[in-house]
Amino acid sequence: MNPQATVRLTETDGIPTLFAQAAGPMRAGLVFRVGIADETLARAGVTHLVEHLALHRQGLADYHFNGATKAAFTHFHVEGTEHEVVAYLQGVCDSLTALPMERLETEKEILRTEEARRELPLLPLWRYGAQGYGLVSYPEWGVRNLGPQEVEAWAQTWFTQGNAVLWVAGERLPEGLTLKLPAGQRRSLPAVTSALPTTPAYFSEGTGGVLLDAVVTDSAAAQLYAGVLERELSRALRQEGGFSYTAATDCTARRDGFAVVTAFADALPSKQDAVLGGFVDVLAALQVGRIGQGDLDAVRTRADSALTAPDAAVRRLPAMAEDLLAGRSLRTLDELRAELRAVTAEDVHKVALEAAETALMQVPGGHSADWAGYTAAPTSSPHAVTGRRFASKSNDGSALIVGEEGVSVTTRAQDGTERAATVLYRACAAVLSWPDGGRRFIGTDGVIVDVEPGLYGVDAPTMAAVAAAVPPAAVVGMPPRERPPVPKPGPAPDGSGAPHAGSSQRAALPRRTALQTVAVVVFGLLGALCAFLALSFTVFGAEDPELSTGEWIAISAFLWGFTGLVSWPAVSILRRTRRL
Amino acid sequence: MSFTSSASSLPSPDFEVASAFPEAVRLRQDAAAGDWASVRQYVDSLPQGTDRSFATSVLAEIPGVEQSLRELVAADPDDVFALTVLGSREIEAGWEIRTDARAKDVSREQFAAFHAHLREAEKLLIRATALDPSYDAAWAERLNTARGLELGQNEARRRYDRLAAHHPHHFTGQARLLQQLCPKWGGTWQAAHGFAQECLRNAPDGALNGGLVAEAHLEHWADLRTSQERAAYLRQPHVHAELVEAAERSVLHPDFRPAHAYGWVTVQGCFAALFSLIGDRARAAVHFRGLGNLASEYPWSYLGKPADAYVKYRDAALAGG
């Protein structure tokens, strides 16, 4: 038997250790059963912050190392000489035992910079809500308010000896390696929550293509299903239709016996309808069992070659470490290969049916998937709370209701139906709190209620009562806003400003088109010119002996009004879009 | 009243589809008797390349037929034929609720029920095309659901392309896409006329597809508001020339055979109607003679009460000839 294909399970200072014989530089990883899904929305980012603090002492070492915070696991990874690997691992453990708190504020700043560059996935929040696995969809709101004690407590609870697994690939296990970590127990996997009353479900958002995920039993068949799906999507949408440039799939084990299959196809804005239609038909073909043997074999061959590659065992070590932490049985490469070989088209068909039952699809804004049998994911709450009602000062028919149990915003749609967004205090994931008094409530189901005293004319005692009803652990102190929302007169068209399920309000603004950019420049320049004229007249016109004060006021007002009118298109576009 | 008396000397138009295609009688009888084996045997016996949408439509128009079709689908969820006819029946039921009225005259409740039927149809038809991507009638029905559910121009075109991959000259599919390409369903006249010409150019001699050129002109004419605009549209020399060419390459071509050429009554009718409207009575007469006294709702419903319009233009055309 190839010695490189075997993985030995041993122990280092009480920490389970996976070892694979390999030539070349030594590679190692320390993995903990903790991740974003273990956090709460109001403290989101604490794991990532600990990971950063733990790596700080590594400084600018010239060997390769990294850290990664995932939904349920956190990895510290290194590659170098035996000496360097030992230094790295011991350094990480030392840091985790006594976090360099003098770095706290700096690392928070680095996390904020990192976050600005990261695109947050939307599907988890719609599937799981604003808790557990859904938290990967949210910004790391908790980081700002975390104090040293909270961070320390998090590290002591989760980054422990009992909750870690080490893996090493090299000539031998490094000598003299000691890993000193706080004592602690193995943690079970995060609870799988749901924000979807019915599946398959869909939601419309964004301008990209079609994105879908589905939860299926973790198996070789699921992996092959994802591969076959990718080939079919490419064939239908790229080769035949020419609607998409990219069609890709992924199958990621959640380590709880299930895997999440994700599929994506991009779309030109003008071809979104055809991409959606083609996507639905590709899924349907697999659901009725039309699975090409050629596709299956090709995908299987590729999967198998990954298992027979010289570094196959080494590459699998991080995944095995996760399996070990999740309490799953470890399987050899040969066992995995045997499972791959045994998969039939009928097995893949079964996965397709399982995926069809649990699917969640994101379709581009303005499109729907109800025609294809997908139920719209909830974007409002079934009920409003009973309590004191504050009508919006915008006179758009919306109202804020403050009750004993929670808060609601109700809006009236054009057809006269009333929709409510409700966050109950007992199911409140976070309350974003601005110094100007504005509050944003986010329910564990992802529903958002904005409690803006200025918009609804809420009195101070009521705001105080609302603040007192919220558990302090849910409050997120936010920095001052540039512009607190103000009432806009007139009814809102189609009840926009309506309650949204989580993402709608949180989502990035649509990108500005080239035409809109031109419009911004043109109207902006016009507006500036008018403003200059208006300003000149306002300043110098007052002294003009030929003008009465009344005339001066009237003409000034007209000029300023005209400036506003001319500038409005530019302002409007700037507010609705973001730069390319 | 000599005009009226001369009209009565000719038989009144026959709108019964079975008069042109007697197999419709058999299909209706078999379906009513629940003899689906016989229905299936007939449909399966049609020559390769036959437009099977005709049989589907005849069956889908039978009141109450959905009950036995649902039993067939329950017994065999992979029965492509039953899925397709049941889907077509759902579309039919939906349109009965929606009616042909303009969108602004259709109530919210009517639209909701219409869409519910179309979604039900689409579910069945997605399955049908997934099971057999070469099944022409299912794709042709999915052009109707795409239009009614307003899924978009590209999606309709994608469905047509899937159909055309196996059936490049599918007259029913082409006629349905043509509707989608008209401005009333979100298209443009350029796209509609372009597609009609494309169908004509690619079709074999004597095939019905040239009739789409006439349909496109008829739709364009009907979309114009005033009688002056309509008259001016038809006075354009290229319209007449295109109609002449399309007729000569389709129903007037020596290779044209009416058997199994489902839709030929509509095509002859379109040419007859348009040449009548243009005032080319001689050409109109040729098409009226080709029709005998057969008629279809389309195009005559565009010209008034179908039977009255038919008689009026036919008698005018034949009086001259």
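**What radius of gyration would a compact globule with 321 residues have, and what does chain B have?** This is a predicted model, and we start with chain B as a whole. For 321 residues, a compact globule would come out near 20 Å, and chain B has 20 Å, so the two agree. Along its principal axes, the C-alpha atoms of chain B fill a box of roughly 60 × 40 × 40 Å. If you go hunting for strands here, you'll come back empty-handed: chain B has 19 helices and zero strands.

**A six-stranded open sheet in chain A.** Let's switch to chain A and read across the sheet: the order is β9-β10-β8-β11-β7-β12, and the pairing is mixed. Look at the two edges, where β9 (247-253) and β12 (375-376) of chain A each have a single partner strand, so one side of each is left without a neighbour in the sheet. Now zoom in on the β12(A) edge. Its partner there is β7(A), residues 201-204, and the two strands pair in the parallel sense over two bridges. To find your place, look for Y202(A), which stands opposite A376(A) in β12(A).

**Two helices lying across the six-stranded sheet.** Helix α7(A), residues 272-287, lies across three strands of chain A: β8 (210-217), β10 (258-265) and β11 (360-363). Compare its direction with β8(A), and you get an angle of about 20 degrees. Helix α11(A), residues 345-358, lies across β8 and β10 of chain A. This helix runs at about 115 degrees to β8(A). Keep α7(A) in mind, as it turns up again in the next view.

**Where chain A meets chain B.** On the chain A side, 17 residues are in contact with 14 residues of chain B. Sort the chain A side by class and you find seven nonpolar, five polar and five charged residues. One spot to zoom in on is the pair made by α7(A) and helix α10(B), residues 153-166. Two packed helices are described by the angle between their axes and the distance between the axes. Here the angle is about 45 degrees and the axes are 6 Å apart. That makes α7(A) and α10(B) oblique to each other, and the crossing is right-handed. Which residues of α7(A) meet α10(B)? They are D273(A), A274(A), G277(A) and G278(A), and across from them in α10(B) are N154(B), E155(B) and R158(B). By class, this helix-to-helix contact has one nonpolar, three polar and three charged residues.

**A four-stranded open sheet in chain A.** This one goes in the order β13-β14-β15-β16, with antiparallel pairing. At the edges stand β13 and β16 (418-424) of chain A, each with a single partner strand, so one side of each has no neighbour in the sheet. On average, neighbouring strands are turned by 20 degrees against each other, ignoring direction.

**Walking from β13(A) to β15(A), residue by residue.** Start with β13(A), residues 387-391, and β14(A), residues 399-403: they run antiparallel and are joined by five bridges. In this pair, A391(A) stands opposite A399(A), and F390(A) stands opposite L400(A). Next door, β14(A) pairs in the antiparallel sense with β15(A), residues 406-412, over four bridges. Here L400(A) shows up again, standing opposite V409(A) in β15(A). How many residues does the hairpin from β14(A) to β15(A) go through? Just two residues make the link. One last thing to remember while you look at strands: in a regular strand, the side chains alternate between the two faces of the sheet.

How values were computed: Residues are numbered from 1 along each chain as its sequence is written. Chains are lettered from A and ligands numbered from 1 in the order in which they are written. This is a predicted model: local features need pLDDT of at least 70, side-chain atom pairs count only at pLDDT 80 or more; totals for chains, interfaces and linings use all residues. Two strands pair if DSSP finds at least two bridges between them. Two residues are in contact if their C-beta atoms, placed from the backbone, lie within 7 Å. Axes are lines fitted to C-alpha atoms, for helices over the stretch in contact, and angles run from 0 to 180 degrees between N-to-C directions. Ala, Val, Leu, Ile, Met, Phe, Trp, Tyr, Cys and Pro count as nonpolar, Asp, Glu, Lys and Arg as charged, and the others, Gly among them, as polar. Angles under 35 degrees count as roughly parallel, over 145 as roughly antiparallel, 65 to 115 as roughly perpendicular and the rest as oblique. A crossing is left-handed if the near helix is turned anticlockwise from the far one by less than a right angle, and right-handed if clockwise. The radius of gyration is taken over C-alpha atoms; the globule rule is 2.2 Å times the number of residues to the power 0.38.
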